[in-house]
2 protein chains.
Amino acid sequence: MVDTRPNVEAVKNLRDVGLRPTRQRLALARLLFGHGNQHVTAESLYDGALASGIKVSLATVYNTLHQFTAAGLLRQVVVDSTRCYFDTNVAEHQHFYFEDTGEIADIPQTPEISGAPGQPGARINPIGLTDLPADMEISRVDIVVRLRSAG
Amino acid sequence: MVDTRPNVEAVKNLRDVGLRPTRQRLALARLLFGHGNQHVTAESLYDGALASGIKVSLATVYNTLHQFTAAGLLRQVVVDSTRCYFDTNVAEHQHFYFEDTGEIADIPQTPEISGAPGQPGARINPIGLTDLPADMEISRVDIVVRLRSAG
DNA sequence: GTAACTGCAAAACTTTTGCAACCAG
DNA sequence: CTGGTTGCAAAAGTTTTGCAGTTAC
């Protein structure tokens with residue numbers, strides 16, 4: 001049973017990023033942001049929407065994911081060259097990738113691992129990255145720790 | 001003009017990893033390993049092969065790239081969820097990804113950035129990665145520094 | 001009313017697969 | 001010869017596109 005009451009806050013959030021709060025966007029936003037941090041693919045979100053009785057097309061799911069990403073509500077995670085993952089956690093953090101299952105998980109943040117907040121790449125500086133190509137700046141540093149079962 | 005003389009060393013290298021040294025594999029190996037480190041996609045290698053007058057099918061290029069990767073001759077680089085890149089440099093190293101052009105470059109190794117040789121993930125340990133999920137071991141740590149033009 | 005948005009189906013792409021023909025040893 | 005390889009074409013899977021119809025405001 002999905003709560004379908006209009007959500008004043010969600011409407012405002014969408015407006016704030018310049019997106020018209022349509023039925024589909026509100027429903028997808030509820031699925032994405034109403035259940036803690038998630039890592040979704042277009043297909044998994046589409047399946048979740050259908051399972052919740054939300055009427056939406058796959059093309060709209062793709063559009064919405066990209067619009068939310070452009071608006072800074074989502075972050076794209078590249079770990080697998082056959083699928084696009086989107087992360088509802090847009091804070092600086094890194095990922096575990098489970099090679100056996102294809103699943104993704106956030107690497108839990110510890111005090112030691114944190115860099116200066118809001119500083120892209122701050123966390124990697126301690127390991128010696130100082131020289132960038134001319135006229136280039138860091139957009140983001142992606143770190144994926146790929147895991148396999150031990151033994 | 002491509003040198004097409006049989007290459008005793010290349011034949012030996014392929015045999016060493018258990019691959020039969022066929023015309024196509026030798027030609028692709030020459031393209032891949034005869035011109036310094038490279039980052040190729042299946043399509044770019046296929047185009048390069050055609051341009052060099054090598055008769056090979058795209059399916060064989062895919063097969064060969066995966067066989068070479070499984071044999072440890074190549075390493076797969078995941079930076080873009082729409083394409084598979086392969087790197088002829090199989091040593092521990094990280095990549096720049098140029099968001100504007102989609103190109104990849106190795107991050108030049110400096111003494112400060114190097115970790116213990118042959119220790120997967122050794123380089124990232126200094127930034128605090130200590131706790132892994134139960135019964136898991138690190139297969140590899142991928143670090144991609146995504147760059148955009150400054151200004 | 002109007003521009004933005006959605007849904008559907010088709011198209012575009014990359015990658016994989018199945019199988020007959022081919023070739024290295 | 002014989003099994004591993006190759007080429008082709010078709011299939012599979014994900015993502016994008018074009019356009020008519022719908023919706024938010």
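This passage describes how helices pack in chain B and how the protein meets DNA strand D in a predicted model.

Helix α4 of chain B packs against two other helices of that chain, α3 and α2. The contact with α3(B) is described here before the contact with α2(B). Helix α3(B) spans residues 42–51, and helix α4(B) spans residues 58–70. Their axes come within 9 Å and cross at roughly 120°. An angle between 115 and 145 degrees counts as oblique. The two helices are therefore oblique to each other. The crossing of α3(B) past α4(B) is right-handed. On the α3(B) side, the contact is made by Ala42(B), Glu43(B), Leu45(B) and Tyr46(B). On the α4(B) side, Leu58(B), Val61(B), Tyr62(B) and Leu65(B) meet them. Seven of the contact residues are nonpolar, one is charged and none is polar.

Helix α2(B) packs against α4(B) at an angle of about 65°. Here the axes lie 11 Å apart. Angles of 65 to 115 degrees count as roughly perpendicular. Helices α2(B) and α4(B) are therefore roughly perpendicular to each other. This crossing, too, is right-handed. From α2(B), the contact draws on Gln24(B), Arg25(B), Leu28(B), Ala29(B), Leu32(B) and Phe33(B). From α4(B), it draws on Thr60(B), Val61(B), Thr64(B), Leu65(B), Gln67(B) and Phe68(B). These residues divide into seven nonpolar, four polar and one charged. Val61(B) and Leu65(B) of α4(B) take part in the contact with α3(B) and in the contact with α2(B).

The DNA contact involves both chains. DNA strand D is surrounded by 20 residues. The closest are Arg15(A) and Tyr62(A) from chain A, with Thr22(B), Gln24(B) and Thr60(B) from chain B. Gln24(B) and Thr60(B) also belong to the contact of α2(B) with α4(B). Three helices each supply at least two residues of the surface near the strand: α4(A), α2(B) and α4(B). Helix α4(A) gives the most, with four residues. By class, this surface holds seven nonpolar, six polar and seven charged residues.

On the DNA side, sugar or phosphate accounts for 82% of the strand D atoms within 4 Å of the protein. The rest belong to bases. Individual polar contacts involve chain B. A polar side-chain atom of Thr22(B) lies 2.5 Å from a phosphate oxygen of strand D. Lys55(B) places a polar backbone atom 3.2 Å from a phosphate oxygen of the strand. For Arg20(B), a polar side-chain atom is 3.1 Å from a sugar or linking oxygen of strand D.

Key: Residues are numbered from 1 along each chain as its sequence is written. Chains are lettered from A and ligands numbered from 1 in the order in which they are written. This is a predicted model: local features need pLDDT of at least 70, side-chain atom pairs count only at pLDDT 80 or more; totals for chains, interfaces and linings use all residues. Side-chain values use heavy atoms; hydrogens and water are left out. Axes are lines fitted to C-alpha atoms, for helices over the stretch in contact, and angles run from 0 to 180 degrees between N-to-C directions. Angles under 35 degrees count as roughly parallel, over 145 as roughly antiparallel, 65 to 115 as roughly perpendicular and the rest as oblique. A crossing is left-handed if the near helix is turned anticlockwise from the far one by less than a right angle, and right-handed if clockwise. Contact means heavy atoms within 4.5 Å. Ala, Val, Leu, Ile, Met, Phe, Trp, Tyr, Cys and Pro count as nonpolar, Asp, Glu, Lys and Arg as charged, and the others, Gly among them, as polar. A residue is near a molecule or strand if one of its heavy atoms lies within 4 Å of it. A polar contact is a pair of N or O atoms within 3.5 Å; within protein, one must be able to donate a hydrogen and the other to accept it, and residues adjacent in sequence count only if both atoms are side-chain atoms.
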